[in-house]
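Biologist: I am new to this one, and I would like to know what stands behind the words you use. Could you show it to me, please?

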Amino acid sequence: MLTRRSMMLASIAAGVSMTNSHAFSKAAQPATPVNFDVPAGACDCHTHIHGDPEKFPFFAGRVYTPELASPEEMSALHKALKIERVVIVTPSVYGPDNSSTLYGMTARGATARGVAVIDDKTSEADLDAMNKAGFRGIRLNLATGGVNDPNVGRQRFSAAVERMKARGWHVQLFTSLAMITAIKELVATAPVPVVFDHFGGAQAELGVGQPGFADLVELVKSGKAYVKISGAYRASKLGPDYPDAAPLAKALIAANPERIVWGTDWPHPDSVTPAGKKITDVTPLFQIDDGRLLNQLPVWAPDAATRKTILVDNPVRLYGFG
């Protein structure tokens, strides 16, 4: 874990915006202006809200404790990025409690949708209420805390699909390419949309030939899965522009631009508790320049019509924006 954290810190060092002596003191705001025309109705498809723990207690079984990130900070972020819509995803630190996500969605209004985390105690009535509130999918986290057994991954994925198929929600997975390879047949026959977070867990330095990436590309090409080209700093160590992530993004977009969505991963939580620290100690958020991050999209997708597909049309279809 220490090695992974050290690598992550090194990877974003060039992208850290040191605006004062209190770096890591709050959720990041863009330092670089957006350098292209963002289409009307654009959506940031991957964000989180970390509310006041007195109102929104963290899950006892979490593996890290993040700094707070408010709906007001998120609104400021999207105003700077010229992005109208947002998808808020319940992070692992809340377990199956989606209250903080709902808080963020309510603050944002009709331009927000949510992705929930559920468990066996989540009733159909609970899901009905969440659907009315704007939730459109559930997230399986097979990465934070480590779920590496393919049998466990297959079981959890199948159970999630079974619960979602009657209501048409999608199943979103935060996982690895190895797990994607292990469940690819299940994904290919799933009766609901499947969405992979953060380049499907691909590592930019390993390129498009890395094991499992071809399976991800094939699922995208066939239309059986969406991929979020989100959180490029998670895939790449070459901040702030992450040039080695470009071949991954371009390969996925070329496979099927109608199955690609974009996201910031704001407020950029570090999901690894540092060595020598307790899980209950607050782990600082990464300070990522989301303006510079968004400016990589025209590098990955030079065609404006393709960018509109990614930023507007696909989120409308997947999340049900009006």
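Modeller: Gladly! Two strands pair if DSSP finds at least two bridges between them. Keep in mind that this is a predicted model.

Biologist: What makes strand 4 and strand 5 a pair?

Modeller: Strand 4, residues 112-116, and strand 5 share three bridges in the parallel sense. At least two bridges are needed, so strand 4 and strand 5 count as paired. In one of these places, Gly114 has Phe135 of strand 5 as its bridge partner. Between strand 4 and strand 5 the chain passes through helix 4, residues 124-133, in a right-handed β-α-β crossover.

Biologist: And how do you know that strand 5 pairs with strand 6?

Modeller: By the same reasoning: strand 5 and strand 6, residues 170-174, are joined in the parallel sense by five bridges, and the definition asks for at least two. Asn141 stands opposite Phe174 of strand 6. Strand 5 itself, residues 135-141, is mostly covered, with six of its seven residues buried.

Biologist: Why is Thr47 called buried?

Modeller: Buried means under 20% relative accessible area. Thr47 has 0% relative accessibility, so Thr47 counts as buried. You will find Thr47 in strand 1, residues 43-47. Leaving out residues up to four places away in sequence, Thr47 touches Met74, His78, Val86, Val87, Ile88, Val89, Thr264 and Trp266.

Biologist: What makes the approach of the Thr47 side chain to Val87 a polar contact?

Modeller: The Thr47 side chain reaches the backbone oxygen of Val87 at 3.0 Å. The cut-off for a polar contact is within 3.5 Å, so the pair qualifies.

Technical notes: Residues are numbered from 1 along each chain as its sequence is written. This is a predicted model: local features need pLDDT of at least 70, side-chain atom pairs count only at pLDDT 80 or more; totals for chains, interfaces and linings use all residues. Side-chain values use heavy atoms; hydrogens and water are left out. Buried means under 20% relative accessible area, exposed over 50%, partly exposed in between (1.4 Å probe, protein chains only). Helices (H or I, at least four residues) and strands (E, at least two) are DSSP runs, numbered from the N terminus. A crossover is right-handed if, with the strands pointing away from the viewer, the path from the first strand over the helix to the second runs clockwise. A polar contact is a pair of N or O atoms within 3.5 Å; within protein, one must be able to donate a hydrogen and the other to accept it, and residues adjacent in sequence count only if both atoms are side-chain atoms. Contact means heavy atoms within 4.5 Å.
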